[in-house]
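Open the model in your viewer and keep a selection tool at hand. The stops below go from the interior to the charged pairs.

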Amino acid sequence: MTTPVCTSASAVAAPARQTRPYPSFSSYVRARQPVLLRTARSLTANPSDAEDLLQTALTKTYVAWERIEDHRALDGYVRRALLNTRTSQWRKRKVDEFVCDELPEPEPVPGGEDPAERQALHDAMWRAIGKLPARQRAMVVLRYYEDLSEAQTAEVLGVSVGTVKSAVSRALGKLREDPELGLVR
């Protein structure tokens with residue numbers, strides 16, 4: 001008994017595996033993946049979601065690769081794809097996550113730089129940033145974790161510089177008032 005084979009599909013699939021239509025795309029991804037993954041991580045709650053988010057954004061970038069005129073602005077294009085994808089995911093998400101109490105952090109040890117204390121501060125900061133509205137969170141991440149200027153942040157998000165200034169100011173105010181971060185001061 002022979003197995004039927006679709007020759008047209010086989011003939012189309014074979015050349016795609018042999019040639020790489022965008023060698024510069026793969027070199028771009030290799031060079032910029034750590035930075036882009038850090039950006040994706042700052043937009044999501046866990047590393048697995050960040051990897052999925054980056055993969056989706058890079059897929060969108062690959063599809064549009066020929067239409068992108070200025071390849072020097074690729075980071076901005078991918079950041080925009082990350083933000084748009086994350087916003088779409090947030091809007092479409094089903095509420096299937098349940099809030100539960102977290103175990104308290106151990107009391108800090110006096111003196112010296114304690115790695116556990118530093119990690120606890122890092123976690124508290126991300127939890128506090130996660131409580132911010134999506135737009136403010138994106139602006140804080142772009143300004144302070146990606147180290148973009150106010151003008152660059154405004155350009156990436158498609159808003160005015162004044163909007164960035166006021167939203168970041170409100171976000172920092174909320175972070176200052178967060179009770180988890182108040183214990184660190």
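## The nonpolar cores

Start by selecting Tyr 28, Leu 58, Leu 82 and Leu 83, which touch the most other members of the largest nonpolar core, a set of 28 residues. A nonpolar core here is a set of buried Ala, Val, Leu, Ile, Met, Phe, Trp, Tyr and Cys residues joined through side-chain atoms within 4.5 Å. Buried means under 20% relative accessible area, exposed over 50%, and partly exposed in between (1.4 Å probe, protein chains only).

This is a predicted model, in which local features need pLDDT of at least 70 and side-chain atom pairs count only at pLDDT 80 or more, while totals for chains, interfaces and linings use all residues. Residues are numbered from 1 along each chain as its sequence is written, and side-chain values use heavy atoms, with hydrogens and water left out.

Now colour by helix: α2, α3 (47-63), α4, α6, α7 and α8 each supply at least two residues of the largest core. The largest share, 6 residues, comes from α2. Helices (H or I, at least four residues) and strands (E, at least two) are DSSP runs, numbered from the N terminus.

Centre on Leu 82. Its contacts, leaving aside neighbours within four places in sequence, are Leu 36, Thr 39, Ala 40, Leu 43, Leu 53, Leu 54 and Ala 57; contact means heavy atoms within 4.5 Å. Apart from the largest core lies another, of 10 residues, among them Trp 126, Ile 129, Ala 171 and Leu 175.

Next select Thr 85, also a residue to find in helix α4. Thr 85 is buried, at 5% relative accessibility. Leaving aside neighbours within four places in sequence, Thr 85 is in contact with Leu 53, Thr 56 and Lys 60.

## Where α6 meets α8

Show α6 and α8 alone. At what angle do they pack? The angle is about 100°, with the axes 9 Å apart. Axes are lines fitted to C-alpha atoms, for helices over the stretch in contact, and angles run from 0 to 180 degrees between N-to-C directions. That makes α6 roughly perpendicular to α8, the class for 65 to 115 degrees; angles under 35 count as roughly parallel, over 145 as roughly antiparallel and the rest as oblique.

On the α6 side, select Arg 135, Gln 136, Met 139, Val 140, Arg 143 and Tyr 144. The α8 side includes Thr 163, Val 164, Ala 167 and Val 168. The residues of this contact divide into 8 nonpolar, 2 polar and 4 charged. Ala, Val, Leu, Ile, Met, Phe, Trp, Tyr, Cys and Pro count as nonpolar, Asp, Glu, Lys and Arg as charged, and the others, Gly among them, as polar.

## Salt bridges

The whole structure holds 6 salt bridges, each a side-chain nitrogen of Lys or Arg within 4 Å of a carboxyl oxygen of Asp or Glu.

Select Arg 32 and Asp 75, whose side chains form a salt bridge at 2.6 Å, N to O. Arg 32 is in helix α2 (residues 23-43) and Asp 75 in helix α4 (residues 74-92), 43 residues apart. Arg 32 is partly exposed at 26% relative accessibility, whereas Asp 75 is buried at 19%.

Then move to Glu 146 and Arg 79, bridged at 3.6 Å, N to O. Glu 146 sits in the loop between α6 (134-145) and α7 (150-157), and Arg 79 in helix α4, 67 residues apart.

Last, select Asp 178 and Lys 131, in a salt bridge at 3.2 Å, N to O. Asp 178 is buried at 8% relative accessible area, and Lys 131 is exposed at 52%. Add Arg 127 and Glu 180 to display the network of salt bridges that links them with Lys 131 and Asp 178.
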